[in-house]
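Let's take a friendly tour of the open and closed spaces inside a protein. Have the structure ready to turn as you read.

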Amino acid sequence: MFFKQHHYLGKVGNMRDIRATGGQILFLVLLSMPATAYAGTPVGEAQTQARSENGQYISWQEHLIDDVSITGVAISGSDGLVMGDLDGDGIDDIVSVHESDTRYDGEPDGHVRIAFGSRSPHQWTNITLAEGSDAAAPEDAAIGDLNGDGYPDVMVASELAHLIYFQNPGTDIRQSRWPRLILPMTQNRGSYIRVFLADFNRDGTLEVIAPNKGKQNPLAADFEVKTSISVFQILDDPLSATGWKEIVLGEYSVPQNAQPIDLDGDGDLDVIGGSRGEARLIFFENVSDQEIRFVEHPIRIDGTTAGGFNLAFADFNRDGRLDIVAATPQGLAWLQQPTNVDGQWTAHLIGSFAPDSMTGFTIADINGDGHLDLMAGSYSRGPRASDGAVTVADRLGRIGWFENPGDATQVWTRHDISRRKRGMFDKFVARDLDGDGDVDFIGTRGNSAPYDGVFWLEQVRTDKPQRVFKRARIQDSEEMPLPD
């Protein structure tokens, strides 16, 4: 079974049906009311009950970074986001991708955008790095110095359908066109959904790793086709079509993640892959010397499965081994690494957004108590260009966070922030953006044109409770309550 007796959905108001069998508990209904919302009250309009370590109340203020109302550029379908100092001014910038689909139309279009930061979190300079066929439904991005000139470059994964390298020109980077190359072995070869950079053989040069999920919107029949998780090694000038070599780690049914992490603690970067079609995670153990080589290990999870669309890593039980956070059919969980990585991993439930789905998430100490909490967002499944006739029982766009109880195997408290008819929150990055000592979050929002784009959530602490969420726009997709 998935849950032991002390593993619960989260500290919520009304567990409806709990049945014990042989000392184990199965939760048959996951719908619940969180501490920060009341029946009939739209989630974002409720009074917050979340509190920081020093007793202050925690609420959230939304601010826009890149949005059509600010720039006039009609971005939509916003997905991946990554941060780094591109212009060398000591302030992190944002690279974001926007696939520009209000429906899967198969058109290779979209935007790759940069928001250059300033000393103020309210002032950003937004530019378009790529659009049209160069940005063919971009899904994800990565930042790193791929050509060794000291300037961070950008790699983008596009769903229609390639990896594209953008070389930082070093000077005049806000006005000049960045040199670029579509990696020829990826051109029109599938659908690239994630991309990461890592130095796997520790030779001082970064490699690129990406899964090819096959099609932008794979259907049941497409799950029978296996596509690759690959490392792309730089052999020469990365702007040269002959400067790259592909190393296939394996082929899987709709692979959708391939994240570098030193899982076994031996000092080199391994890879955790995720397969949607096989509903499993794969550990690729790095055994590289000068040649890049990996050994594949299945990750066996006790009583559940995980496809690995998004992942996070931390040592939650302080045993010296990294654990994995992943979405499972039961909800978001952390997977406890066994003594032997080939052994059985134990799943501990963090919480659920049911009936909403779980999409993007990241870990950070939100309330300042020294324990890692988790910020998460969901994926609305109704119309993308209008609110439509959806109800509180449908899968809507939610943001919320889960409070770590200290012993991460015990009950996590869910604090909902906002629940709107439309919104897909694919990525969050934790930063103290306003420098006030608490953590804020930068994120992307899709599925809600014309409200898609890049935003940041300012954590606000007050002595008295106030409304949990203050939106940035006067007009937005309708804020909704939770189901009864």
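In this predicted model, the largest cavity has a volume of about 40 Å³. The structure holds two cavities of 30 Å³ or more, and there are pockets to explore too: the largest contains about 970 Å³ of space.

**The largest cavity**
- Look for Glu62, Leu64, Asp66 and Asp67, which are among the residues lining the largest cavity.
- Further along the chain, the lining of this cavity also includes Arg445, Tyr451, Asp452, Gly453, Val454, Phe455 and Arg473.
- Strand 3 (57–66) and strand 30 (453–462) each give two or more residues to this lining.
- Sorted by class, the cavity lining has six charged residues, four nonpolar and one polar.

**The largest pocket**
- A total of 43 residues line the largest pocket, and those nearest its centre are Phe309, Ser357, Met358, Thr359 and Arg381.
- The elements giving two or more residues to its lining are strand 21 (323–328) and strand 22 (331–336).
- This lining is made up of 16 nonpolar, 15 polar and twelve charged residues.

**The second largest pocket**
- The second largest pocket has a volume of about 610 Å³.
- Its lining has 28 residues, with Leu81, Phe196, Gln259, Leu311 and Lys427 closest to the centre.
- Several strands give two or more residues here, including strand 4 (78–84), strand 16 (255–261) and strand 28 (428–431).
- Which strand gives the most to this lining? Strand 8 does, with five residues.
- In this lining you will find 17 nonpolar, five polar and six charged residues.

Terms used
Residues are numbered from 1 along each chain as its sequence is written. This is a predicted model: local features need pLDDT of at least 70, side-chain atom pairs count only at pLDDT 80 or more; totals for chains, interfaces and linings use all residues. Side-chain values use heavy atoms; hydrogens and water are left out. On a 1 Å grid over the protein atoms alone, a cavity is a set of points where a 1.4 Å probe fits but cannot get out, and a pocket is an open set with protein on both sides within 12 Å along at least five of seven lines; lining residues have an atom within 4 Å of a point. Grid points are joined across faces, edges and corners, and a volume is the space filled by probe spheres set on the points. Helices (H or I, at least four residues) and strands (E, at least two) are DSSP runs, numbered from the N terminus. Ala, Val, Leu, Ile, Met, Phe, Trp, Tyr, Cys and Pro count as nonpolar, Asp, Glu, Lys and Arg as charged, and the others, Gly among them, as polar.
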